[in-house]
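Student: I'd like a close look at one acidic residue in this one, and then at how the rest of the fold is arranged. Take your time and join the pieces up as you go.

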Amino acid sequence: MPDFSRRRFLTIFAAASALSAAPFALKAQHPVRTWKGVAMGSAASISLSHPNADDILLRATRELERLENIFSLYRENSTLAQLNRDGVINTPPFELLECLGLCGTINRASGGLFDPTVQSLWQVYAQSYSEGRAPENALIRKTISRTGWDKLVINQSQVSFKRPNMAMTLNGIAQGYVADRIAKLLRDDGLNNVLINTGEFAALGGHPEGEDWPVSINTGSEIRKERVMLRDNALATSLPNGTFFDQAGLVGHILDPRTGLPAQARPTAVSVTATKAAVADGLSTAICLMNKGEADKLLAQFPSAKLV
């Protein structure tokens, strides 16, 4: 494993949008309570108004913990870590299967540009730059042969890799997926007017004081002046140059599965809104590798999604 943590860099540089206070026309029946912590390697929060807010937030954070034990790339015993170590997972949890199903949808819609199996490439870059050098082209080409969504077997009883030494990362979609799962948990409990931030945002209803939830976008170099207003909607942001392999900050962390090279098409943050945070998350990741025309074609396949 590389001697530096991608999560650490993501925590520092990722486009984790900042929730900003704003005046509201009405006063909530109960004070808005906000839990703040860390989930999936990013600053996280859940805001809601309810007389039993503490109990609800405790239940939600326990669910966050359970989901992180499935999707975390850095927890040694997570389901994803076991898959990468053993090449197979028997009786995979429902949430992993559901998330992989969505990955397949976005992989096909993006012509293969959204590909979670690039993790072995990521490891090559991380290891090489931790030794102070760029990876050799021959090694990149060799590693590409161990990537590809078609080399993944998915069924109800098993998830496995078709080739040895493959690995998968769900960092391009899991934060959004986890936000959706927390939103479902709270919606099923009858809650409304909740904002969930797992590094990506999911709004269940609007703000308890009547307006939409205002969310600011950090582009990596500045906070956008115009806020995105969320109500029953989600927002995800990806930064091609939000994390770097090299000390000079020139080699970004989003890799093109076609070439094995870092994303070049978009140097700035890509923010997408959609009804599901996982969809917004996966699309924003894929669009980092696309020009405008390609991005427009991708978004046309997801009617609720749009660039913001």
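Tutor: Let's start with D246, which sits in the loop between β11 (234-238) and β12 (270-274). Bear in mind that this is a predicted model. D246 is buried, yet has no salt bridge. What is the nearest side chain of opposite charge to D246? That would be R133, and R133 is 14 Å away. A salt bridge needs a side-chain nitrogen of Lys or Arg within 4 Å of a carboxyl oxygen of Asp or Glu. What the side chain of D246 does reach is the backbone nitrogen of L250, at 3.0 Å. Once neighbours within four places in sequence are set aside, the contacts of D246 are with Y129 and V251.

Now for another acid to put beside it. E200 is in the loop between β7 and β8 (201-204). Like D246, E200 is buried without a salt bridge. For E200, the nearest side chain of opposite charge is R224, 12 Å away. A polar atom of the E200 side chain lies 3.0 Å from the backbone nitrogen of T237. Leaving out residues within four places in sequence, E200 is in contact with Q175, G176, A179, L235, A236, T237 and D281.

The strands on either side of E200 are worth a look too. β7 and β8 form a hairpin with three residues between them, and G199 in that turn has a positive phi of about 105°. The two strands pair in the antiparallel sense over four bridges, and L195 has A203 as its bridge partner in β8. L195 also stands opposite S47. S47 belongs to the other neighbour of β7, namely β3 (residues 42-49), which pairs with β7 (residues 194-197) over three bridges, again antiparallel. I46 has I196 as its bridge partner in β7. Which faces of β7 are covered? Both are: V194 and I196 on one side, and L195 and N197 on the other, are all buried.

Step back and you can place this in the sheet. Seven strands make up an open sheet in the order β2-β3-β7-β8-β11-β12-β13, with antiparallel pairing. Its edge strands, each pairing on one side only, are β2 (32-39) and β13 (306-307). D246 falls in the loop between two members of that order, β11 and β12. Strands of a sheet pair through backbone hydrogen bonds. Helix α2 (residues 53-71) lies across β2 and β3, running at about 20° to β2.

That helix brings us to charged residues that do find partners. By the cut-off above, the count comes to 15 salt bridges. One of them joins D54 and R33, at 2.7 Å from N to O. This pair links distant parts of the chain, with D54 in helix α2 and R33 in strand β2, 21 residues apart. Unlike the buried D246, D54 is partly exposed because its relative accessibility is 45%. R33 is partly exposed as well, at 38%.

Within α2, R66 and E63 meet in a salt bridge of 2.8 Å, N to O. Both lie in that helix, three residues apart, about one turn. At 35% relative accessibility R66 is partly exposed, whereas E63 is buried at 14%. E98 bridges to R181, with the closest N and O atoms 3.4 Å apart. E98 lies in helix α4 (residues 94-109) and R181 in helix α7, so this pair ties together parts that are 83 residues apart in sequence. E98 is partly exposed with a relative accessible area of 35%, while R181 counts as buried at 17%. Salt bridges that share partners join E63, R66, E95, E98 and R181 into one network.

For contrast, take N165, in the loop between β6 (158-161) and α7 (174-188). Is N165 buried or exposed? N165 counts as exposed because its relative accessible area is 60%. Beyond residues up to four places away in sequence, N165 touches S120 and R146. N165 and N84 are 81 residues apart in sequence and 7.9 Å apart in space, C-alpha to C-alpha.

Finally, the overall tallies. The chain has nine helices and 13 strands, and 56% of its 308 residues are buried. Of the contacts between residues at least 6 apart in sequence, 65% join residues at least 24 apart.

Technical notes
Residues are numbered from 1 along each chain as its sequence is written. This is a predicted model: local features need pLDDT of at least 70, side-chain atom pairs count only at pLDDT 80 or more; totals for chains, interfaces and linings use all residues. Side-chain values use heavy atoms; hydrogens and water are left out. Two strands pair if DSSP finds at least two bridges between them. Contact means heavy atoms within 4.5 Å. Axes are lines fitted to C-alpha atoms, for helices over the stretch in contact, and angles run from 0 to 180 degrees between N-to-C directions. Buried means under 20% relative accessible area, exposed over 50%, partly exposed in between (1.4 Å probe, protein chains only). Lys and Arg count as positive and Asp and Glu as negative; His and the chain ends are not counted. A polar contact is a pair of N or O atoms within 3.5 Å; within protein, one must be able to donate a hydrogen and the other to accept it, and residues adjacent in sequence count only if both atoms are side-chain atoms.
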